[in-house]
Amino acid sequence: MTGQHRIVVLGAGYAGLAAARRFAKKGRDARVTVVDAHAEFVERVRLHQQVAGQRIPHWDIRELLERRKIHFVHDRVRELDTVGGRVILDREPALDYDTLVYALGSAGDSTGVPGVAEYALSVATPADARALPISISGGPVVVVGAGATGIELAAELAESQPDSRVLLLGSDEPAAWMSPRAQGHVRRVLERLGVEIRSDAKVIEVSAAGVRLADGTVVGSAATIWAAGFGVPDLAARAGLAVDGRGRVLTEPTLRSVSHPDIYAAGDCAVIAGPDGRELRMSCATALPTGKHAADAVIARMRGREAADLRFRYVFQCLSLGRRDGLIQFLNADDSPGRTVLTGRTAAWFKERVVRGAAWAARP
Ligand SMILES: Cc1cc2nc3c(=O)[nH]c(=O)nc-3n(C[C@H](O)[C@H](O)[C@H](O)COP(=O)(O)OP(=O)(O)OC[C@H]3O[C@@H](n4cnc5c(N)ncnc54)[C@H](O)[C@@H]3O)c2cc1C
């Protein structure tokens, strides 16, 4: 290969920016270009706060990257030409690459349940959050999905607008994957904030009037917010990369694509083996280290060295429960819940520090 090695990073979320930051430190001999459809990095883990009316931080991506001599292209990736080694964009000229880091993240999944795409709102991306009406005083708001996003959103809405009626529907207990003590705390705080919880509610249809449950009940809502799962862009699948049933790129332990040796993947859009071979969960906590590791693997290969396998262990998971309460569940290496939890204001403070730390770790 002659000339500078051309690395193109797709996506300037937590994973893509963590990769860029690493390239800025260790891969200065390469020409690095980052592409994102948005000009600003918005802290995605705070979108529920934005929906509840708070201002959340955002940064100009070009400014962040160009002071570290990394090029930024503000455009949407339309297609990958893996044979020619090119990224096809909507407006700008195509970009040639020697190595590609695929970090396009995730968005709300509106497939699977009829009416979600037409009638439900989402907080999954900055664009979704901007489109959501902040005032929810017009009637009951139904949040579907009692996972981390649904819990954080319901708590934030109920705390910021105490006169509103917020319902949290899930087919399981909120935070069912956590320890009994953690689950108990989450339920207590949600109830204290006035959130109405239904943990036996499998939603089978969304309409303008509300949601229909598997038992035939219709729950009326002025706004339905879908927080029951994330999907990924279909670009990798369309380009012929090996992907799983959801379109996430299958990776080797170095984070190289199993089918395309010049492509690496990180963050929500990749299938990455964690401790005990269990897939890493979609999270900012995994996006940051996998973005960094993908960059390290690319640099090692560029220098003719063998890339190391990713070594990752979980430590804790944080939930915000409004601005004055929270939950920190300490985890075993494999993501199973440990015995220790932090709650209350200490947990809220801890989570705020973690969120700030994540943004700091992503900024090149
Ligand atoms: C409300 C909310 C709260 C959350 N709270 C937490 C939390 O407390 N802790 C935690 O660990 N995780 C949390 N998450 C999950 C976390 O935000 C994601 O797992 C994380 O952002 C994944 O990082 P990523 O870099 O893989 O993807 P993203 O952050 O989604 O970044 C992907 C980037 O790719 C860009 N992109 C996508 N498609 C294209 C295209 N075709 N062309 C160009 N650019 C494109 C997007 O604009 C985006 O900037 C939360 C998520 C939400 C929605």
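Two strands are taken to pair if DSSP finds at least two bridges between them. On that basis, the predicted model contains an open sheet of 5 strands, arranged in the order β5-β2-β1-β9-β21 with parallel pairing. The edges of this sheet are formed by β5 (71-74) and β21 (263-265), each of which pairs on one side only. From one strand to the next, the twist averages 20°. Strands of a sheet pair through backbone hydrogen bonds, either parallel or antiparallel. A convenient place to look at the pairing here is the junction of β5 with strand β2 (residues 31-36), where the parallel arrangement runs over 4 bridges. For anyone following along in the viewer, Val35 has Val73 of β5 as its bridge partner.

The sheet also carries a helix. Helix α1 (residues 14-26) packs on it and touches β1 (6-10), β2 and β9 (99-102). The direction of helix α1 makes about 155° with that of β1.

Turning to the aromatic side chains, the structure holds 6 aromatic pairs. In one of them, the ring centres of Phe316 and Phe330 are 6.0 Å apart. Ring centres within 6.5 Å count as a pair, and planes over 60 degrees apart count as edge-to-face; the planes of Phe316 and Phe330 stand at 70°, so this pair is edge-to-face. Phe316 belongs to strand β23 (residues 316-320) and Phe330 to strand β24 (residues 326-331), so the contact ties together parts that are 14 residues apart in sequence. Both rings are accessible to some degree: Phe316 is partly exposed at a relative accessible area of 26%, and Phe330 is partly exposed at 25%.

Phe316 takes part in a further edge-to-face pair, with Phe350, at 5.2 Å centre to centre and 85° between the planes. This second pair links distant parts of the chain, joining Phe316 in strand β23 to Phe350 in helix α10 (residues 344-362), 34 residues away. Phe350 likewise counts as partly exposed, with a relative accessibility of 22%; the cut-off for buried is under 20%, so Phe350 at 22% is not classed as buried.

Elsewhere, Tyr14, Phe41 and Trp59 come together as one aromatic cluster. Tyr14 is also a residue of helix α1 (residues 14-26), the helix that packs on the sheet. Another residue of helix α1 (residues 14-26), Arg21, places its charged end over the ring of Trp360, 4.5 Å from the ring centre.

Conventions
Residues are numbered from 1 along each chain as its sequence is written. This is a predicted model: local features need pLDDT of at least 70, side-chain atom pairs count only at pLDDT 80 or more; totals for chains, interfaces and linings use all residues. Side-chain values use heavy atoms; hydrogens and water are left out. Rings of Phe, Tyr and Trp (its six-membered ring) pair if their centres lie within 6.5 Å; planes under 30 degrees apart count as stacked, over 60 as edge-to-face and the rest as tilted. Helices (H or I, at least four residues) and strands (E, at least two) are DSSP runs, numbered from the N terminus. Buried means under 20% relative accessible area, exposed over 50%, partly exposed in between (1.4 Å probe, protein chains only). A charge sits over a ring if NZ of Lys or CZ of Arg is within 6 Å of the ring centre and within 35 degrees of the ring normal. Axes are lines fitted to C-alpha atoms, for helices over the stretch in contact, and angles run from 0 to 180 degrees between N-to-C directions. Contact means heavy atoms within 4.5 Å.
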